[in-house]
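Q: I'd like a close look at a single part of this protein, told as one connected story. Start with any term I need, and tell me how far I can trust the coordinates.

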Amino acid sequence: MASEPPLLSMYRITKSFPGVRALDGVDLDVQAGEVHCLLGQNGAGKSTLIKVLAGAHQPDDGTIRWRGEAVTLRSPIAAMRLGIATIYQELDLVEHLSVAENVHLGHEPTTAGFVVRGKAAKASTAQLLSRLGHPEIDPGRLVGELSAAQRQIVSMARALSHDVRLIVMDEPSAALDPDEVDNLFRIVGDLTADGVAVVYISHRLEEIRRIGDRVTVLKDGRAVAGGLPAKTTPTREVVALMTGRNVEYVFPDRPAAAPGGEPVLNVRGLAREGEFAPLDLQVRPGEIVGLAGLVGSGRSEILETVYGARQPTSGQVLVDGRPLKPGSVRAAVRAGLGLAPEERKAQALLMLESVTRNVSVSSMSRFSRGGWIDRGAELGAARSATRELSLRPDNPSVPVRTLSGGNQQKAVLARWLLRGCRVLLLDEPTRGVDVGARAELYAVVRRLADEGLAVLLVSSEIPEVLGLADRVLVLREGRVVHTAPTRELDEHCVLDLVMEGSPAT
C-alpha cells in the first residue's frame, strides 16, 4: 500500500525583493499530526517562508502541494479555506473588540444567510476556549484587557474557528512564563493528537527539543537541513547549521578574580507594596548581578523601581554613595543609570526614527546649541557608539525598525554608552534575538562589564542568568530566597528555589 503524501509540501520555493533574495529554492514538508520546527537566524528567510505559506506573499517560483495536490495560495483567505492558519509573533488582534468578535472576525456565525451576533458567537467562542483549556476567559471581554498569555489563546481560538489542519506558530512562547509555556505545549499536544500539524518557530532551542518532532534549518534563504529529528540532533549541530560556525549556548569567560572596589549601585530596603518585599543588593564596577525568578516574582518591577520608573513604598537607591530621588527617571539617568527594557520596541525605541536619533536621544544636550542640533556631531557620535558594538548594517542613518532584534538591542545599548552610564539595567536582553546574535550580545555585555560597567540583569532563561552573571539573587513571590556566586549554582538548583524556595534568613 502506498504511503500517505505529506499534508504540506513546499518545493524549490524562491522569493526575491528589490536587492534581496529572501528564499532561494527552499523545500519543506510537513506531516499531519507532527510538530515541525523551523529554525534560523533573523534574516534566514523564516518570516518570508511562512508568509508564502499563509498566502501573504506570492513565490517567484516553486510548487506548493496540499494533501498531494498542487495549490496556489493567492491570499490569506485562500490559505485559510484550505485549513492553514498562521499565528504571528505580533498578534493581529483588535484590542477594542471583544474576544468573541476577534475569534469570528471576517467569518461571523450565520443562520439562513444572516449574520448571528451576540449569544451564538459567544457560545461558539466559549466552546473553543474550553477546548484550549481556558474556559475562564470571558468571550465578551475586550481583548485589550487580556494578558499576553490570554491573547495567545484567543489567537489560537480564532485559528480553530476555521476547519484548520495546519497551524503556523511564530515565537508563541516569547511573552509567556514557564507555567504558560507548559499550557501552550499541552494545547499543541492535544492538537497534534487530533491530526493537526504545527509549524513551530522559536529561538529557544530547549523548546524545540521538548516539543518538536522534526526540524528544518534555514540559513541565508536556503534550507541547509530538513527533517532532522528534533529530540536527538545535538544542539551544537543545529546551531552550527544556523550560524555556519560552531556556537553553543556561548557565554564569554568570566574574570578569574571577583570584582572589587566600592559598589556603584547600592539598593537598601527597596520595596513596593504588593510587588516585592524589602530588598538589599549591591553591584560593583565590573560585576554582573543576575535576578532569577518566574514571571510575577518581581524581577522587572525591581529594575523599573531602581530606574525610577516606579515609586517605591520604602527604601532607597544610591549611586556612588549618593541617594537618588525616588521615582525619578531623570535623576537616575543623570546619576548614570541606563535601562534596556523588556519591551524594547514599545518602551525604548523610536521605531520610525533613524538609528542615529535612537542612539542620541538621551544625550541631545551634547549636540544642541541655542535650539539648533549639530547633525554632523550627532551622526558622528552615533556612528562611533554603534561601531563599538559592531551594529549592522554600519549605517546609523537607516530606520531602526529595519534592524534585526539583536541589532535593535545593540542600538539601545549604544544609547547608554553614548550617555556614559555607570550602571546598566538589562531586562530580558535577548528576547526575540536569534542564537548567533545572542552570542554577540553576551560578549558585548561581558566586555562592558570588564571595562568597569556595573550590570544588573533580569532574564526568564535560567541558563542565561547563570552564564552571564557573577552573582545571582533568586526571587520567589517578590522575595529573595537565595543569594550566591554563580559558581555555586546550577539550573536545577535555581529551578528548585524559584518553585519551592523559602525566604532567606
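A: Quick bit of vocabulary: a helix here is a DSSP run of H or I with at least four residues, a strand is a run of E with at least two, and both are numbered from the N terminus. On that numbering, Arg 438 sits in helix 15, which covers residues 435–450. Its relative accessible area is 7%, so Arg 438 falls under the 20% cut-off and counts as buried. From Arg 438 to Ala 193 there are 245 residues along the sequence, and 34 Å between the C-alpha atoms.

Now, trust. This is a predicted model, with a mean pLDDT of 86 for the protein and 93% of its residues at 70 or more. Confidence peaks in strand 13 (residues 265–272) with a mean of 96, and bottoms out in strand 8 (residues 114–115) with a mean of 42. The pLDDT stays below 50 over residues 111–116, a stretch that makes eight contacts in the model beyond its near neighbours in sequence. Residues 501–505 are also below 50, with 10 such contacts. Where pLDDT is low, don't read the predicted coordinates in detail.

The part I'd zoom in on is the sheet that holds strand 13. Four strands make up this open sheet, in the order 14-13-16-17, and the pairing is antiparallel. Strand 14 (276–283) and strand 17 (322–323) are the edges: each has a single partner strand, so one side of each has no neighbour in the sheet. Strand 13 and strand 16 are joined by five bridges, running antiparallel. One residue to follow there is Gln 316, the bridge partner of Arg 268. Helix 9 (residues 299–306) packs on this sheet and touches strand 13, strand 14 and strand 16. The direction of helix 9 makes about 120° with that of strand 13.

Stay with Gln 316 for a moment; its place is in strand 16, residues 314–319. Leaving out neighbours within four places in sequence, Gln 316 is in contact with Asn 266, Val 267, Arg 268, Leu 270 and Pro 323. So how buried or exposed is Gln 316? Its relative accessible area is 32%, which lies between the 20% and 50% cut-offs, so Gln 316 counts as partly exposed. For a sense of scale, Gln 316 and Arg 158 are 158 residues apart along the chain, and their C-alpha atoms are separated by 47 Å.

Notes:
Residues numbered from 1 in each chain as written. Predicted model: local features only at pLDDT ≥ 70, side-chain atom pairs only at ≥ 80, totals over all residues. Heavy atoms only, no water. pLDDT = per-residue confidence, 0-100. Contact = heavy atoms within 4.5 Å. Buried < 20%, exposed > 50% of the residue type's maximum accessible area, 1.4 Å probe, protein only. Pairing = 2+ DSSP bridges. Axes fitted to C-alpha atoms, helices over the stretch in contact; angles between N-to-C directions.
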